[in-house]
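Please find below a colleague's note on this entry, set out as numbered points that can be read alongside the coordinates. Each point takes up one region or one property.

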Amino acid sequence: MGSLPTTRREAATGINHPAMTRTAIVAISRNGAALGRKLAKGLANDSTLYLDRRFLDEEDNAIAFDLPARPLVQRVFQETDQLVLFMPVGVTVRLLAPCLDHKHRDPAVVCVDDAGRFAVSLVSGHIGGGDRLAQEVADILGASPVVTSGSHVTGSLAVDLLGQEFGWTVEADSQTITRASAASVNGEPVGIYREAGETGWWPTGQPLPVNVKVYPSFTSLAESKCAAALVITDRAAPEDLDGMTYSEALPGKFVVLYRPRSLAVGLGCRRGVPMAALEQLIDTAFDDNNLAKASINCLATAELKRDEVGIQELAEKLQVPVHCYDEAELNSMFPPNGSGAGPTPSPEPHRLLGIWGVCEPSALLASAATGLLVTKTKTDRATVAVARMAFN
């Protein structure tokens with residue numbers, strides 16, 4: 001697998017699988033340095049502490065810098081995912097004003113006062129994670145978090161963050177997301193229909209906002225009078241609607257699609273099959289079965305295919321892991337004597353490799369599902385099958 005994006009700015013141009021969050025902590029005063037040391041010890045992620053050289057102690061695991069702070073602050077703003085500055089908000093605003101780009105690309109910025117009383121979410125608070133960072137910083141320092149994002153202070157559903165912790169991707173233009181978010185914050189009716197993906201998209205034990213309703217079917221959502229329709233699905237288009245898009249099937253509503261990582265793709269192939277041939281086979285299977293490629297969770301195959309270049313290159317392109325299963329695991333998925341439901345055994349791979357099949361059992365093993373969404377589809381060089389992940 002290739003390396004994942006390492007900064008928020010790089011991640012903004014790629015798939016939604018950010019690397020471990022990197023945090024820069026910058027302090028320009030004696031009190032700030034003491035608080036910065038405490039914060040650096042308490043943060044669970046990868047952090048770097050920068051201290052004004054005048055306040056650097058011999059035992060500090062920190063990088064010294066000399067004032068003015070502007071060059072350092074503007075540089076780390078470009079290089080990190082999160083930035084905690086122990087300095088006044090006004091000073092921070094003036095330092096960062098030339099660097100601000102877009103809420104989808106700027107790192108989260110939190111300011112902490114010299115007394116350690118407040119942790120202020122200043123930049124990219126909502127989408128960038130600044131609100132969560134402010135809470136984390138406040139917890140470590142014993143400060144009060146200051147958060148002003150609309151969904152946070154009103155307790156409404158954050159449309160653009162739904163499923164983010166699971167790696168769901170959002171399909172909607174920015175204007176639609178903004179309007180759906182406004183509907184949520186302003187108390188207008190919001191409808192949700194989920195047919196795939198994790199069940200825990202809302203905190204356990206916490207009631208949904210009164211303006212949000214979960215619908216049992218796509219039809220009931222379509223018939224509702226909700227202003228915003230949030231659809232969590234791994235289907236490319238609504239079923240049985242003659243090729244209509246989700247927006248066409250939900251007229252008059254702000255439609256936001258969420259693509260959960262819910263599909264395990266089992267692959268079998270001959271030696272040396274190029275990535276393009278494997279991807280074309282997957283594309284055909286997905287097109288024929290109305291599935292969204294953005295919902296691929298993993299590729300799965302036999303252990304003996306672990307070093308297959310085409311599979312590894314495809315996994316890198318899709319930015320998903322490859323799960324490999326040995327002969328015993330694959331054969332365990334076939335019912336004894338060929339009876340009952342299960343993958344279809346193939347005599348040829350069993351004769352050559354001692355395995356009754358690869359793509360179907362590996363998809364089932366990777367997904368923990370009891371059945372397949374797509375049974376074996378093949379060319380003369382490769383096979384593919386798809387199962388939906390069995391989420392708790």
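1. A pairing in the middle of the first sheet region makes a convenient entry point: Val26 has Leu85 of strand 4 as its bridge partner. Please keep in mind while reading that the model is predicted. The pairing between strand 1 (residues 22-27) and strand 4 is parallel and extends over five bridges. On the side of strand 5 (residues 108-112), strand 4 is again joined in the parallel sense, here by four bridges, and Val84 finds its bridge partner in Val110 of strand 5.

2. How much of strand 4 is buried? Five of the five residues in strand 4 (residues 82-86) are buried, so the strand is largely enclosed by the rest of the structure. The side chains alternate, with Gln82, Val84 and Phe86 pointing one way and Leu83 and Leu85 the other way, and all of them are buried. A reader checking the environment of Gln82 may wish to note that this residue is listed among the buried ones, together with Val84 and Phe86 on its side of the strand.

3. Strand 1 is mostly covered as well, since five of its six residues are buried according to the same kind of count. Besides its pairing with strand 4, which is parallel, strand 1 pairs in the parallel sense with strand 2 (residues 46-52) over six bridges. Within that second pairing, Ile25 stands opposite Leu49 in strand 2.

4. Helix 3 (residues 70-79) and helix 4 (residues 89-96) pack with their axes 10 Å apart and at an angle of about 70°. Angles of 65 to 115 degrees count as roughly perpendicular, and the two helices are therefore roughly perpendicular to each other. On the helix 3 side the meeting residues are Arg70, Val73, Gln74 and Phe77, and on the helix 4 side they are Arg94, Leu95 and Leu96.

5. A further sheet is open and consists of five strands in the order 8-12-11-9-10, with mixed pairing. Strand 8 (169-171) and strand 10 (212-214) are its edge strands, each pairing on one side only. Neighbouring strands in this sheet are turned against each other by 20° on average, with direction ignored.

6. Within that sheet, strand 11 (residues 228-232) and strand 12 (residues 254-259) pair in the parallel sense over five bridges, and the bridge partner of Val231 in strand 12 is Leu257. Helix 7 (residues 174-185) packs on the sheet, where it touches strand 8, strand 9 (190-194), strand 11 and strand 12, and its direction makes about 105° with that of strand 12.

7. Which of the residues in helix 14 are buried? They are Cys359, Glu360, Pro361, Ser362, Ala363, Leu364, Ala366 and Ser367. With eight of the nine residues of helix 14 (residues 359-367) buried, the helix is largely enclosed by the rest of the structure. The cover over these buried residues includes strand 13 (263-269), strand 14 (296-302), strand 15 (322-325), helix 12 (327-331), strand 16 (374-378) and strand 17 (382-388). Helix 14 is followed by Ala368, whose phi is positive, near 60°.

8. Asn289 lies in the loop between helix 10 (275-288) and strand 14, and its relative accessible area of 31% makes it partly exposed. Leaving aside residues up to four places away in sequence, Asn289 touches Leu373 and Val374. The C-alpha atoms of Asn289 and Ala236 are separated by 8.8 Å, although these residues are 53 residues apart along the chain.

9. On the cysteines, the structure holds zero disulfides. Cys99 is buried at a relative accessible area of 10%, and Cys226 likewise counts as buried, at 5% relative accessibility.

10. Some totals may help to place these regions. The protein has 14 helices and 17 strands, and 49% of its 392 residues count as buried. Among contacts with a separation of 6 or more, 64% are accounted for by residues 24 or more positions apart. The accessible surface of the protein comes to about 18,700 Å², and 52% of that belongs to carbon and sulfur atoms.

Technical notes
Residues numbered from 1 in each chain as written. Predicted model: local features only at pLDDT ≥ 70, side-chain atom pairs only at ≥ 80, totals over all residues. Heavy atoms only, no water. Buried < 20%, exposed > 50% of the residue type's maximum accessible area, 1.4 Å probe, protein only. Contact = heavy atoms within 4.5 Å. Areas by Shrake-Rupley, 256 points an atom, 1.4 Å probe, with all protein chains shown as cover. Pairing = 2+ DSSP bridges. Axes fitted to C-alpha atoms, helices over the stretch in contact; angles between N-to-C directions. Disulfide = S-S within 2.5 Å. Parallel < 35°, antiparallel > 145°, perpendicular 65-115°, else oblique.
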